[in-house]
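User: I am new to this structure and would like a close look at one part of it. Please take the sheet and what packs around it, then add whatever helps me place the rest.

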Amino acid sequence: MGKSADTATAAVIAAERRELAELFGTLAPGQWAAPSLCAGWRVREVVAHMSMGFRYPTARVLKELVKARGSLNRMTDRLARRDAAAHPDPELAAFLRTHAHHPWKPPVGGLAAALGHDVVHGLDVTVALGLDRKVPEDRLRIVLDAIDPRAFRLFGTDLTGVRLCADDLDWSFGGGAPLYGPAQDLLLVAYGRRLPAGRLRGDEVHRFVTD
């Protein structure tokens, strides 16, 4: 990704964070306490986790990772639960707005992965709550193009024998029996999420929906 592409991606990351902060700021207390698509996390934990990279310097993250005996999942779960309990809902939402231009990136994947982090977790909230938010196509395409099968183990993704086929964009991924749905829903499938029934179509749909 060149410098101009980096600049453009940084701009859409900032826009995504601001828009999500505004949306989260409208949620009722019951929505904050509702389950998200992230197993075991309420909306509150997801939003707390979204700003973790902005609020914890690298040295602190490494210290927390040692406490978690090297388990990234255990560390992020503990911090999300702790921060969700420590900060009121409006403050959790405001962290995204305050840090809209923060240069945080995951260890792998660069700015596209940073955008993916915001987009996917935003969908973890909006889809779980039944909110009809459409991720702008330019942002969605950046994240779709950055899907990396090498990360599937981390997210618990199993697309064996399945081809993801968007019915609203010219995009597909994988090979096998087609699984149809909106591109942003298929993005969630690629990140190991199970979706509410009725959002996907295909012979293998039972593998990717909640019971």
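Analyst: First, a cut-off. A residue counts as buried when its relative accessible area is under 20%, and as exposed when that value is over 50%. Keep in mind throughout that this is a predicted model.

Start with one residue that uses the cut-off. Asp83 has 5% relative accessibility, so it counts as buried. Its place is in helix 6. The side chain of Asp83 makes a polar contact of 2.9 Å with the side chain of Arg55. Setting aside neighbours within four places in sequence, Asp83 is in contact with Ala48, Arg55, Tyr56 and Leu92.

Ala48 leads on to a helix pair. The axes of helix 3 (residues 43-50) and helix 6 come within 8 Å, and they cross at roughly 110 degrees. Helix 3 is therefore roughly perpendicular to helix 6. On the helix 3 side, Arg44, Glu45, Ala48 and His49 make the contact. On the helix 6 side, Thr76, Ala80, Arg81, Asp83 and Ala84 do so.

Just before helix 6 there is a loop to look at. Arg69 lies in the loop between helix 5 (58-67) and helix 6 (72-86). Its relative accessibility is 66%, so Arg69 counts as exposed. The backbone of Arg69 also deserves a glance. Its phi is near 55 degrees, a positive value in a residue that is not glycine.

Now the sheet itself. It is open, has three strands in the order 2-1-3, and its pairing is mixed. Strand 2 and strand 3 are the edge strands, each pairing on one side only. From one strand to the next, the twist averages 20 degrees.

Take strand 1 (residues 162-166). Four of its five residues are buried, so strand 1 is largely enclosed by the rest of the structure. Look at its two partners in turn. Strand 1 and strand 3 (residues 177-181) run parallel and are joined by five bridges. Strand 1 and strand 2 (residues 172-174) run antiparallel, with three bridges between them. This antiparallel pair also forms a hairpin, and five residues lie between strand 1 and strand 2.

Arg163 lets you see both pairings from one position. Opposite Arg163 in strand 3 stands Pro178. In strand 2, its bridge partner is Gly174. A further bridge to strand 3 pairs Ala166 with Gly181.

Next, what packs on the sheet. Helix 11 lies across strand 1 and strand 3. It runs at about 155 degrees to strand 1. Within helix 11, find Leu187. Leu187 has 0% relative accessibility, so it counts as buried. What does Leu187 touch, not counting residues up to four places away in sequence? The answer is Val119, Val120, Leu123, Leu140, Val143, Leu144 and Ile147. There is another distance to check here. Leu187 and Val135 are 52 residues apart in sequence, and their C-alpha atoms are 11 Å apart in space.

Helix 8 (residues 110-129) is worth a look of its own. It has 20 residues and reaches 29 Å from its first C-alpha to its last. That is close to the 28 Å expected at 1.5 Å a residue. Of the 20 residues of helix 8, 17 are buried, so the helix is largely enclosed by the rest of the structure. Gly130 follows helix 8, and its phi is positive, near 75 degrees.

Finish with the segment after helix 11 (183-190), where Phe208 has its place. At 6% relative accessibility, Phe208 counts as buried because the cut-off is under 20%. Which residues is Phe208 in contact with, leaving aside neighbours within four places in sequence? They are Asp158, Leu159, Val162, Leu179, Val189, Arg193, Arg194, Leu195 and Leu200. Phe208 and Leu159 are 49 residues apart along the chain, yet 9.6 Å separates their C-alpha atoms.

Definitions and conventions: Residues are numbered from 1 along each chain as its sequence is written. This is a predicted model: local features need pLDDT of at least 70, side-chain atom pairs count only at pLDDT 80 or more; totals for chains, interfaces and linings use all residues. Side-chain values use heavy atoms; hydrogens and water are left out. Helices (H or I, at least four residues) and strands (E, at least two) are DSSP runs, numbered from the N terminus. Buried means under 20% relative accessible area, exposed over 50%, partly exposed in between (1.4 Å probe, protein chains only). The expected span of a helix is 1.5 Å times one less than its number of residues. Two strands pair if DSSP finds at least two bridges between them. Contact means heavy atoms within 4.5 Å. A polar contact is a pair of N or O atoms within 3.5 Å; within protein, one must be able to donate a hydrogen and the other to accept it, and residues adjacent in sequence count only if both atoms are side-chain atoms. Axes are lines fitted to C-alpha atoms, for helices over the stretch in contact, and angles run from 0 to 180 degrees between N-to-C directions. Angles under 35 degrees count as roughly parallel, over 145 as roughly antiparallel, 65 to 115 as roughly perpendicular and the rest as oblique.
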